[in-house]
Amino acid sequence: MRNGSLLTIQDLQTHFFTGEGVVRAVDGVTLSVRPGETLGLVGESGCGKTVTALSILRLIPNPPGRIVGGTICFEGRDLLRLPEEEMRSIRGCAISMIFQEPMTSLNPVFTVGEQVAEGIRHHQKVSRREAWDRAVEVLRRVKIPDPARRAYEYPHQLSGGLRQRVMIAMALALGPRLLIADEPTTALDVTIQAQIVDLLMGLQEEMQMAVILITHDLGVIAETADRVVVMYAGRVVEEASAEQLFETPLHPYTQGLLESLPKLETGKRHRRLTAIPGLIPNLLDLPTGCKFAPRCPKVIGDCWPTEPELREIRPGHWARCILA
């Protein structure tokens with residue numbers, strides 16, 4: 001499962017130390033990303049998807065957060081053991097990230113051209129003029145109309161869709177080998193969402209880079225991902241190819257996510273949406289045994305004493321469930 005990987009995360013544990021106790025936001029996550037593939041990372045809000053991504057780049061705010069265990073190997077090097085200076089050379093260059101909300105990620109007092117050019121000058125010894133020209137070119141590459149003019153505009157002068165394209169331009173300006181896209185279509189209307197996803201997938205193919213796509217939108221995952229990792233309460237509960245996951249989901253949580261999707265049934269009465277009962281457990285007070293057991297419609301007595309291991313049920317298809 002892990003051979004030939006660009007990125008391999010093994011038993012990652014990222015905890016937040018609060019006055020109320022220790023929050024195990026990421027608790028033993030293991031996954032890998034192969035060169036050129038799209039890995040979908042899905043789950044409800046609060047399941048640990050974004051914290052996993054921030055851990056890869058060592059951007060966990062400390063205090064209160066800290067990576068307390070595990071390894072994150074990128075191209076054979078454990079990122080957790082690198083000096084901060086080496087890590088800075090990797091961020092934005094070898095590994096880039098598109099954050100959820102452009103308006104909080106873009107600096108309101110600098111033009112978008114300046115912000116794209118700054119990243120180029122930070123990593124490469126080029127003149128201001130050359131960095132600016134390359135910034136305009138990368139804005140053109142992400143299909144921003146009239147990029148030479150738009151480069152002089154400030155974030156508040158752009159629409160949400162254009163701001164997201166600027167974020168993509170900043171992330172791809174230096175040709176990363178791995179792109180982490182954290183909810184890249186949040187707060188955009190459906191038409192713009194589709195354009196952004198198509199743009200990302202086109203650029204991925206053109207640049208031959210790997211992508212970790214973090215989203216709760218299973219429709220986007222079905223269209224774009226090669227493999228899918230499902231997270232719940234800081235743990236991986238299922239991993240499979242996108243085809244396997246959508247055809248034969250093995251974990252009751254994954255089954256619940258797929259059942260909750262609206263379905264269009266022509267000529268029939270509208271089917272009521274099936275919701276997963278209950279809420280994600282409090283990470284300060286997790287249940288014993290299977291963490292999904294309190295919400296699981298298939299729960300049995302054996303689910304409570306001991307948490308099940310993540311097992312390979314069939315080739316390439318893993319699940320953390322004793323019933324799988």
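1. A salt bridge is taken here as a side-chain nitrogen of Lys or Arg within 4 Å of a carboxyl oxygen of Asp or Glu. In this predicted model, E137 and R140 meet that criterion, with their closest N and O atoms 2.9 Å apart. Both residues belong to helix 5, where they are separated by 3 residues, about one turn of the helix. E137 is partly exposed at 42% relative accessibility, and R140 is also partly exposed, with a relative accessible area of 44%.

2. Helix 5, which spans residues 128–141, holds a further pair, R129 and D133, placed 4 residues apart, about one turn of the helix. Their side chains form a salt bridge with an N to O distance of 3.0 Å. D133 is partly exposed, its relative accessible area being 40%.

3. The pair R34 and E37 is also a salt bridge, with 3.7 Å between the closest N and O atoms. Here the two partners should be described separately: E37 has 8% relative accessibility and therefore counts as buried, whereas R34 is partly exposed at 30%.

4. Across the whole structure, the search returns 18 salt bridges. A network of such contacts links D27, R235, K291 and E307. R235, K291 and E307 also appear among the residues that line the second largest cavity.

5. The cavity search over the whole structure yields 2 cavities of 30 Å³ or more. The largest has a volume of about 80 Å³. Its lining consists of H251, P252, C290, F292, C296, C303, P308, C321, I322 and L323. By class, this lining comprises 9 nonpolar residues, 1 polar residue and no charged residue.

6. The second largest cavity encloses about 40 Å³ of space. Its lining is made up of Y232, R235, V237, H251, C290, K291, F292, E307, P308 and R320. These residues divide into 5 nonpolar, 1 polar and 4 charged. H251, C290, F292 and P308 occur both in this lining and in that of the largest cavity.

7. On the surface, I300, I322 and L323 form a nonpolar patch with about 230 Å² of accessible area together. I322 and L323 are also lining residues of the largest cavity. L323 lies in the segment that follows strand 12 (317–319). With a relative accessible area of 42%, L323 is classed as partly exposed; patch membership requires over 30%, so this value satisfies that cut-off.

Conventions. Residues are numbered from 1 along each chain as its sequence is written. This is a predicted model: local features need pLDDT of at least 70, side-chain atom pairs count only at pLDDT 80 or more; totals for chains, interfaces and linings use all residues. Side-chain values use heavy atoms; hydrogens and water are left out. Patches are made of residues with over 30% relative accessible area and no salt bridge: like charges are joined within 9 Å, nonpolar side chains (Val, Leu, Ile, Met, Phe, Trp, Tyr) within 5 Å. Accessible areas come from the Shrake-Rupley method with a 1.4 Å probe; for residues, only the protein chains shown count as cover. Helices (H or I, at least four residues) and strands (E, at least two) are DSSP runs, numbered from the N terminus. Buried means under 20% relative accessible area, exposed over 50%, partly exposed in between (1.4 Å probe, protein chains only). On a 1 Å grid over the protein atoms alone, a cavity is a set of points where a 1.4 Å probe fits but cannot get out, and a pocket is an open set with protein on both sides within 12 Å along at least five of seven lines; lining residues have an atom within 4 Å of a point. Grid points are joined across faces, edges and corners, and a volume is the space filled by probe spheres set on the points. Ala, Val, Leu, Ile, Met, Phe, Trp, Tyr, Cys and Pro count as nonpolar, Asp, Glu, Lys and Arg as charged, and the others, Gly among them, as polar.
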